[in-house]
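Colleague: Got a minute? I'd like to go through this structure with you.

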Amino acid sequence: MAEQTFAKPIRILHSLFALAVIAQLSVGHLMTVPEVEKLAEQHTSMHLVTPAFAHESHEAPVLNAGGSVEESLGFEVHELLGLFIAGLMVIRILLAMTSLPGANWRELFPWMFADGRKQLANELSTQMSGWMKLRLAPPEDGEAVARSVHGFILIATSIMALSGTRLYFGWSTTAPQTDAVEAIAEIHETVVVILQALLALHIGAVVLHQMQGHNILAKIKP
Ligand code: HEM
């Protein structure tokens with residue numbers, strides 16, 4: 001099995017992605033979200049509703065002179081960074097249609113093809129016992145599992161970017177959110193949990209590979 005290499009544009013994009021997504025996840029957890037529902041809650045002065053979701057405010061909302069809830073700096077950064085990541089995602093999807101090394105969508109979704117499924121089954125049967133002991137096979141022994149994780153990361157990031165862009169154009173700071181916007185916000189908040197789990201797996205695997213001397217970072221450094 002040949003070792004996967006990445007073309008220069010993929011390497012550059014990966015650095016931008018990694019920085020932007022990690023910053024976005026941090027901002028997303030720390031920011032205060034402007035929503036009028038929170039104002040109504042504050043006025044009832046009862047604390048029956050627990051803020052269960054990340055998109056709900058951590059601080060009391062402030063009304064500006066125009067009568068809308070003021071946007072925090074964190075929320076504005078989240079919106080702009082989100083649109084930037086959505087732009088990066090569009091470029092990655094376009095690159096997936098090329099035959100640049102490591103770029104094509106066939107590399108990201110091996111489980112969609114008979115030979116990819118065969119390789120996945122082979123890696124699962126020969127490498128799984130090593131994973132249990134935190135020992136990873138060298139990349140030249142096959143990377144269908146790793147590539148599948150990369151594919152799922154890109155699917156989850158695309159859903160975050162699509163739902164976030166829809167929220168950017170639909171989020172109200174003057175009235176309660178519509179049912180459609182609430183539903184999209186819930187998708188956004190559910191998928192972020194999956195994305196974080198995938199990234200933990202991805203970064204954990206990179207650390208283990210590096211510790212075991214596989215030097216896979218050299219393949220993705222711009
Ligand atoms: C400190 C953070 C990170 C490190 C050290 C890192 C490292 C790496 C390495 C070494 C590879 C090549 C793996 C191989 O041998 O096949 C890779 C690929 C990849 N990584 Fe990361 N990564 C990081 C963060 C991220 C983040 C935040 C994302 C998601 C937005 C991400 C998404 C991907 C994808 C999709 C690929 C495959 C290349 C592509 O198809 O674009 N990585 N990463």
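Modeller: Sure, we can talk about the cavity and then the metal site. This is a predicted model, where local features need pLDDT of at least 70, side-chain atom pairs count only at pLDDT 80 or more, and totals for chains, interfaces and linings use all residues. Residues are numbered from 1 along each chain, and side-chain values use heavy atoms, without hydrogens and water.

Colleague: How many cavities of 30 Å³ or more does the search find?

Modeller: The search of the whole structure finds 1. A cavity is a set of points on a 1 Å grid over the protein atoms alone where a 1.4 Å probe fits but cannot get out.

Colleague: What volume does the largest cavity have?

Modeller: About 570 Å³, counted as the space filled by probe spheres set on the points.

Colleague: Which residues are closest to its centre?

Modeller: Gln-24, His-78, Met-160, Gly-164 and His-188, out of 28 that line the largest cavity. Lining residues have an atom within 4 Å of a point.

Colleague: Which element gives the most to that lining?

Modeller: α6, with 7 residues. Helices here are DSSP runs (H or I, at least four residues), numbered from the N terminus.

Colleague: New topic. Which protein donors does the iron atom of the ligand have?

Modeller: His-14 (NE2) and His-202 (NE2), lying 2.0 Å from the iron. Donors are N, O and S atoms within 2.8 Å of the metal (3.2 Å for Na, K and Ca).

Colleague: Where in the chain are they?

Modeller: His-14 is in helix α1 and His-202 in helix α7, 188 residues apart.

Colleague: Is His-14 buried or partly exposed?

Modeller: Partly exposed, because its relative accessibility is 29%. Buried means under 20%, exposed over 50%, and partly exposed in between (1.4 Å probe, protein chains only).

Conventions. 1 Å grid on protein atoms, 1.4 Å probe; cavity = no way out; pocket = protein on both sides within 12 Å on 5 of 7 lines; lining within 4 Å. Helix = DSSP H or I, 4+ residues; strand = E, 2+ residues; numbered from the N terminus.
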